[in-house]
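Please open the model in a viewer that allows selection by residue number. The tour below proposes a series of selections and describes what each one shows.

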Amino acid sequence: MEIIICVSSDTLCLSSLIFVQIMEEELPWLLVNEVGGIRGILHSHVPFLKKHFHLITMKEFLENRKDVGKKVQAIYLWWHKPVIDKELLQSLPNLKVIANSGVGMDHLDLNLIASFGVKMANAPRAVSSTTADTGMALLLASARRLVEVHNISISPSMDYCEADILGVKVAGATLGIIGMGRIGYKIAVRAKAFEMNILYHNRTRRKVQEEQAVGATYCKKIDSLLQQADFVMLVVSLTPQTHKLIGKRELELMKPTATLINISRGAVVDQEALVAALQTGVIRAAALDVTAPEPLPRDHALLKLKNVIITPHLGIKTDKATYMITEEAVENILAALNGLPLPSEVLPS
């Protein structure tokens with residue numbers, strides 16, 4: 001829209017403000033949980049978002065639900081917030097799209113959202129490399145017992161490191177990847193560089209050329225992978241089929257020298273069974289970027305075991321990756337608002 005305002009010098013400032021207000025009102029309204037804080041979008045992302053949207057927080061929305069609700073056309077979820085329920089959806093009659101800051105959509109009722117005619121998108125391109133890096137970092141840290149020896153090194157009583165504090169060799173070891181999607185495949189690329197043997201289990205087998213590129217062998221049955229792997233890495237989405245995918249039976253199939261690494265969702269593992277397996281030597285160790293719940297209660301048994309590394313869901317947390325997530329979300333939102341195909345649309349099952 002082109003706006004021409006004829007004013008005297010005395011009214012120039014007022015007219016400029018009117019012009020800015022008109023231009024701002026033309027931007028589509030985007031609802032976010034908050035700016036900053038534990039569950040808010042990052043302050044550094046706000047200028048970029050404001051180039052494309054008029055931002056409204058949940059607090060502002062709740063203070064004027066009737067008027068604001070009609071204007072909101074999109075929601076950007078950051079760390080699962082705001083909560084998308086029937087009440088919120090009914091309050092947003094012109095909502096067209098919800099963009100999620102990550103890959104996992106298990107916190108959303110996809111069928112409910114779709115029933116309101118709202119499209120959904122995630123951010124697989126932005127998170128895959130960083131999450132794969134996190135998986136390999138946990139594997140290496142657990143193999144060489146880095147957290148344990150760090151604590152020894154900074155201890156006031158440190159004199160020397162015991163000779164029997166030994167890690168396990170990574171080169172030549174077998175990595176079993178459960179879930180060979182975009183992230184799983186990037187883990188395989190990294191594992192190949194560490195000279196690891198790679199097995200994988202997936203709902204569908206990868207192309208032969210893709211397997212050959214990373215030297216991966218397909219295991220049709222998960223049991224076969226569990227029995228052979230020195231490191232088992234979980235990279236699956238949380239679904240009814242993968243809930244407690246790794247339980248007592250699966251842990252007992254693993255080698256007593258094996259390590260379980262989980263970068264998917266905490267509920268993919270039966271945590272009570274995992275605690276027992278770690279306490280009794282059924283498996284050697286575990287490295288977890290995800291738990292159920294997050295964070296764990298401070299008296300949880302997993303927090304007391306030396307053969308466990310736990311990180312607070314760091315998978316995507318780098319400055320570049322988080323900004324790329326916001327860029328991908330904006331791309332999907334603008335596509336939806338302009339009636340174009342969403343690059344990362346997620347459909348209900």
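Select Glu148 first: in this predicted model, the residue has a relative accessible area of 22%. Glu148 therefore counts as partly exposed, since that class begins where the buried class, under 20%, ends. Add Arg145 to the selection. The two residues form a salt bridge, and their closest N and O atoms are 2.9 Å apart. Arg145 is likewise classed as partly exposed, with a relative accessibility of 23%.

**Further salt bridges**

How many salt bridges does the structure hold? The count is 14. For another of them, select Arg65 and Glu87, whose side chains meet with an N to O distance of 4.0 Å. This pair links distant parts of the chain: Arg65 belongs to helix α4 (residues 65-69) and Glu87 to helix α5 (residues 86-90), 22 residues apart. Arg65 is partly exposed, at 30% relative accessibility.

Next, select Arg249 and Glu250. A salt bridge joins them, with 3.3 Å between the closest N and O atoms. Is Glu250 buried or exposed? Glu250 is buried, because its relative accessible area is 14% and the buried class covers values under 20%. Its partner Arg249 is partly exposed, at 44%. Elsewhere, Arg125, Glu328 and Glu331 can be selected together, as salt bridges with shared partners join them into one network.

**The loop after α5**

Move to Lys96, which is placed in the loop between α5 and β4 (97-100). The relative accessible area of Lys96 is 34%, so the residue is partly exposed. Which residues does Lys96 touch, leaving aside those up to four places away in sequence? They are Gln73, Gly117, Val118, Lys119 and Leu337. For Gln73, 23 residues from Lys96 along the chain, the C-alpha atoms of the pair are separated by 5.4 Å.

**The parallel sheet**

Now display the strands β6 to β12. They make an open sheet of 7 strands with parallel pairing, in the order β8-β7-β6-β9-β10-β11-β12. Its edges are β8 (216-218) and β12 (308-310), each of which pairs on one side only. From one strand to the next, the twist averages 15 degrees.

Centre the view on strand β10 (residues 259-262). In a regular strand, side chains alternate between the two faces of the sheet. In β10, Thr259 and Ile261 point one way, while Leu260 and Asn262 point the other way. All of these residues are buried.

On one side of β10, select strand β9 (residues 231-234). The two strands pair in the parallel sense over 4 bridges, and Leu234 stands opposite Asn262. Adding helix α12 (residues 248-253) completes a right-handed β-α-β unit made of β9, α12 and β10.

Strand β11 (residues 285-288) also pairs with β10, running parallel to it through 4 bridges. Here Ile261 stands opposite Ala287. With helix α13 (residues 271-280) between them in the unit, β10 and β11 form another right-handed β-α-β unit.

Continue from β11 to the edge strand β12. These two strands run parallel and are joined by 3 bridges. The residue to select in β12 is Ile310, the bridge partner of Leu288.

**Helices across the sheet**

Show the helices again, beginning with α7 (residues 124-143). Which strands does α7 lie across? They are β6 (174-178), β9, β10, β11 and β12, and the helix runs at about 150 degrees to β9. Then select α13 once more: this helix lies across β10, β11 and β12, at about 140 degrees to β11.

**The whole chain**

Finally, return to the full view. The secondary structure comes to 14 helices and 12 strands. Along the principal axes, the C-alpha atoms fill a box of roughly 85 × 50 × 35 Å. Of the 349 residues, 47% count as buried. Among contacts with a separation of 6 or more, 64% come from residues 24 or more positions apart. A surface display completes the tour: the accessible surface is about 18,400 Å², and carbon and sulfur atoms account for 55% of it.

Terms used. Residues are numbered from 1 along each chain as its sequence is written. This is a predicted model: local features need pLDDT of at least 70, side-chain atom pairs count only at pLDDT 80 or more; totals for chains, interfaces and linings use all residues. Side-chain values use heavy atoms; hydrogens and water are left out. Buried means under 20% relative accessible area, exposed over 50%, partly exposed in between (1.4 Å probe, protein chains only). Two strands pair if DSSP finds at least two bridges between them. A crossover is right-handed if, with the strands pointing away from the viewer, the path from the first strand over the helix to the second runs clockwise. Contact means heavy atoms within 4.5 Å. Axes are lines fitted to C-alpha atoms, for helices over the stretch in contact, and angles run from 0 to 180 degrees between N-to-C directions. Accessible areas come from the Shrake-Rupley method with a 1.4 Å probe; for residues, only the protein chains shown count as cover.
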